[in-house]
Amino acid sequence: MKKTLAKSVASDLFIMTVVSIVLWGVYVLFNQVALSSLSSYALLATLGLNLVILMSFVVLINVVFFIIIQHDNLAKALKKTDSNMKQNLVWMVGILASLAALTLLMNQTVLNQKNLQQQLDSLKPWQKLSAYKAVNVTLPSIEDSNNGEIDARADTKVARRFMDHFKDDEYIFSQDSTAKVPNMVSQEQAQFMTSQLKRDGIDSDVSKRIRYMNLNALKLSGHRNLAGKVANKKPATVFLPEKFKYHKKSVLNAIYLEYYQNSGIKKSDFEVHIVKNNEKTFLFDYRGAELYVYDHARLQTDTNRILVVINMAYAFNSLGKDATYSNVLNGLFKQPGLKKSLLIPQSMDR
């Protein structure tokens, strides 16, 4: 009996090992990834963990059945003769529990594998950014001791000198709209902020779907088809999913408020394109981990985003350029431009 048990366990282990190796091989060949790649190692580790868990269940189930069989005659149990009803009940419960546990485990394994694949897919666009770095730029703001206001004129001068080292395709600016109600505020604060936005003609539920970018970020996000529609002589180009086409006014109000108020630029100057729903966008959310506690709601890849490509030449020369520079300096920059700049000491690079 013990030899039979050992053979059964060994057979199950062999079959599951072969299946795991085949699955790993199919993934590598189908996706044409290197054996030494991160995704390859991650899948192999997942399959290995699943194999250990499944084998633990197999061994446990076989041992339980072995013990039950030792204390009763299986043939008699099946024929319902001279058999202890309690032992038969334990036998049936063991089989049902094993099937249920195995089903749940396999379902969880499939879900974990799906989530892992999504996470690995979301890492692919980051491979384009090996030439970019995030930097910290300390701006010399001067606070007026009399009224507490900040004089940002020096900030603008320093920021302009810094940005002069970069063409539009040498940095990435990608940021969500701030004309919205944050999740982590009290109900009273949320109501106050909502009423403030409504006075400016902005629907917070719509503006939270806005993602500002420069043209380079749009291209690297996988939207080269949209990049060709960006208007060079417009202060902003809006790509509005069809489901939001009746909220166009709210979107234009948000763009104007955040970048072009008091600049002489009109909302009618913005270019608007209606695009199909469910367009997928890589967000390059490179500051998310620093601004908030880890939040599953912060996605790197999302659909149905309202993409707004800011024409930086207009933004830097608008009267709202102080805020514009502050936002853009949170971007990612190509290293050749950083080497030209004398404003960023090595100790500030990261």
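**Arg211 and its strand neighbours**

Q: What is the length of the polar contact that joins the side chains of Arg211 and Ser174?
A: This is a predicted model, where local features need pLDDT of at least 70 and side-chain atom pairs count only at pLDDT 80 or more, while totals for chains, interfaces and linings use all residues. Residues are numbered from 1 along each chain as its sequence is written, and side-chain values use heavy atoms, leaving out hydrogens and water. A polar contact is a pair of N or O atoms within 3.5 Å, one able to donate a hydrogen and the other to accept it; residues adjacent in sequence count only if both atoms are side-chain atoms. For Arg211 and Ser174, the value is 3.0 Å.

Q: Which residue has its backbone oxygen 2.6 Å from a polar atom of the Arg211 side chain?
A: Arg211 is buried (under 20% relative accessible area, 1.4 Å probe, protein chains only), with a value of 2%. Its side chain has a polar atom 2.6 Å from the backbone oxygen of Leu283.

Q: Which residue in S11 stands opposite Arg211?
A: Arg211 lies in strand S6, residues 210-213 (strands are DSSP E runs of at least two residues, numbered from the N terminus). S6 and S11 run parallel, joined by four bridges; pairing needs at least two. Opposite Arg211 in S11 stands Leu307.

Q: Which residues of S11 point the other way from Ile306, Val308 and Ile310?
A: In a regular strand, side chains alternate between the two faces of the sheet. Five of the five residues of S11 (306-310) are buried, so the strand is largely enclosed by the rest of the structure. Ile306, Val308 and Ile310 point one way, and the other way point Leu307 and Val309.

Q: Which residue in S11 is the bridge partner of Thr237?
A: Strand S7 (residues 236-241) pairs with S11 in the antiparallel sense over four bridges. In S11, Thr237 has as its bridge partner Val309.

Conventions: Buried means under 20% relative accessible area, exposed over 50%, partly exposed in between (1.4 Å probe, protein chains only).
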